[in-house]
Amino acid sequence: MNKTVNQKAWFLVLPVLLLVAFNALIPLMTVVNYSVQETFGDNNFFWAGVLWFEEVLRSERFHSSLGRQLFFTFSILLIEIPLGVAIALAMPRKGVWVSVCLVLMAMPLLIPWNVVGAMWNIFALPEIGLLGNTLNALGIDYNFTRQPVAAWVTLIAMDVWHWTSLVVLLAYAGLVSIPDAYYQAAKIDGASSWAIFRFIQLPKMKRVLTIAILLRFMDSFNIYTEPFVLTGGGPGNSTTLLSIDLVKIALGQFDLGPAAAMSLIYFLIILLLSWIFYTLMMRNEDQ
Amino acid sequence: MGLSWMAWTWPTAAFFIFIGLCIATLGVWEYFRPGGDPRRGVFMIDTTRGDRLFISLLGSAFIFLAWLGLVNSTLYWPLVIVVLWTLFVFRYV
């Protein structure tokens with residue numbers, strides 16, 4: 001067994017621990033406290049026990065939001081991960097175009113989330129937006145403000161546009177770290193492009209792809225600003241994801257108890273799915 | 001500045017004290033009897049004692065949530081299930 005010799009190093013972690021305690025643990029504790037109480041404002045709280053948990057877990061509204069959230073998250077993962085890897089594979093490894101490609105790829109990531117939402121809102125408007133107007137001119141009936149399918153397509157397209165770059169940059173970092181010797185050995189063996197990808201590039205990218213999948217999963221499961229600005233959860237409730245629904249309950253209706261219970265359930269789902277993803281990927285890596 | 005905005009109650013305080021005690025106990029246990037390298041159990045994943053505590057707590061949360069969502073009865077039964085689950089995780093996972 002390897003034992004760390006210098007335990008004093010743990011004191012270096014103390015500032016981070018204190019920071020996390022203030023910005024994460026204390027708010028989380030407060031949410032737990034709210035989740036078992038009812039309040040009518042003015043800092044007056046009344047014990048409610050597990051009532052809000054029962055109410056949220058049995059509500060059709062929560063089930064629908066969760067379903068939409070899962071659909072959104074898995075859709076964007078299914079698109080962004082393969083697309084990001086494909087773009088990273090197509091990017092040059094040497095020369096002046098490397099910098100150009102990297103800057104172009106990084107640009108969507110630099111745009112604030114609410115700006116992305118506003119941009120896509122205008123871009124997709126059927127009357128004046130470039131995308132919306134063009135599609136309608138081509139004879140495709142497209143109006144994301146009143147058609148749920150169009151709203152979903154626009155929402156997913158916006159997320160793919162905004163976040164595929166992150167996957168590309170991570171996959172590219174994994175690709176450039178592969179030593180040339182691997183490719184030379186593959187060439188000597190007469191390996192096909194597919195074989196090189198399957199047995200050299202993909203295994204070498206596994207760690208960065210794990211990070212990419214985890215980041216995209218957690219981010220997309222928490223997403224709020226972009227869909228809120230783009231569709232506001234509509235038309236009707238068709239794009240009301242969990243976070244939008246949560247804000248409606250907490251700030252719109254000021255039902256702090258149910259909102260706190262929903263937050264905790266939301267948090268536990270993210271924690272569980274992230275842990276499963278991470279464990280499965282690490283297990284495959286060990287094998 | 002008071003802490004009234006955090007709306008503390010005795011049950012929630014006890015809950016956090018329990019979690020804190022679990023982590024502290026694990027630390028003391030590890031200090032006096034180091035758990036050694038991760039082991040591979042029935043789930044075929046490598047786990048340390050800390051991992052097993054995490055799995056126990058996460059599993060317990062979902063056992064309670066499932067009970068609250070699906071069954072309308074006393075919470076003592078899921079408590080029994082949680083204790084059995086924790087024993088299972090620490091022994092076999």
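**Two chains, one after the other**

Okay, let's start with chain B: reading from the N terminus, its elements go α-β-β-α-α. Its radius of gyration is 16 Å, well over the 12 Å that the globule rule gives for 93 residues, so chain B is more spread out than a compact globule. And before I go on, keep in mind that this is a predicted model.

If you like tallies, chain B has 3 helices and 2 strands. Put a box around its C-alpha atoms, along the principal axes, and you get roughly 45 × 40 × 15 Å.

So how much of chain B counts as buried? Of its 93 residues, 11% do. Then there are the contacts. Take those in chain B between residues at least 6 apart in sequence, and 55% of them join residues at least 24 apart.

Right, over to chain A. Here we have 12 helices and 2 strands. What order do they come in, from the N terminus on? Chain A runs α-β-β-α-α-α-α-α-α-α-α-α-α-α. In other words, after a helix and two strands, the rest of the run is helices.

For the box, again along the principal axes, the C-alpha atoms of chain A take up roughly 75 × 70 × 30 Å. On burial, chain A has 287 residues, and 28% of them count as buried.

Last thing, contacts in chain A. Looking at those with a separation of 6 or more, 71% come from residues 24 or more positions apart.

That's the tour. Have a look at both chains on the screen, and shout if you want to go back to anything.

Conventions. Residues are numbered from 1 along each chain as its sequence is written. Chains are lettered from A and ligands numbered from 1 in the order in which they are written. This is a predicted model: local features need pLDDT of at least 70, side-chain atom pairs count only at pLDDT 80 or more; totals for chains, interfaces and linings use all residues. Helices (H or I, at least four residues) and strands (E, at least two) are DSSP runs, numbered from the N terminus. The radius of gyration is taken over C-alpha atoms; the globule rule is 2.2 Å times the number of residues to the power 0.38. A residue is buried if 20 or more other C-beta atoms lie within 10 Å of its own, exposed if 12 or fewer, and partly exposed in between; C-beta atoms are placed from the backbone. Two residues are in contact if their C-beta atoms, placed from the backbone, lie within 7 Å.
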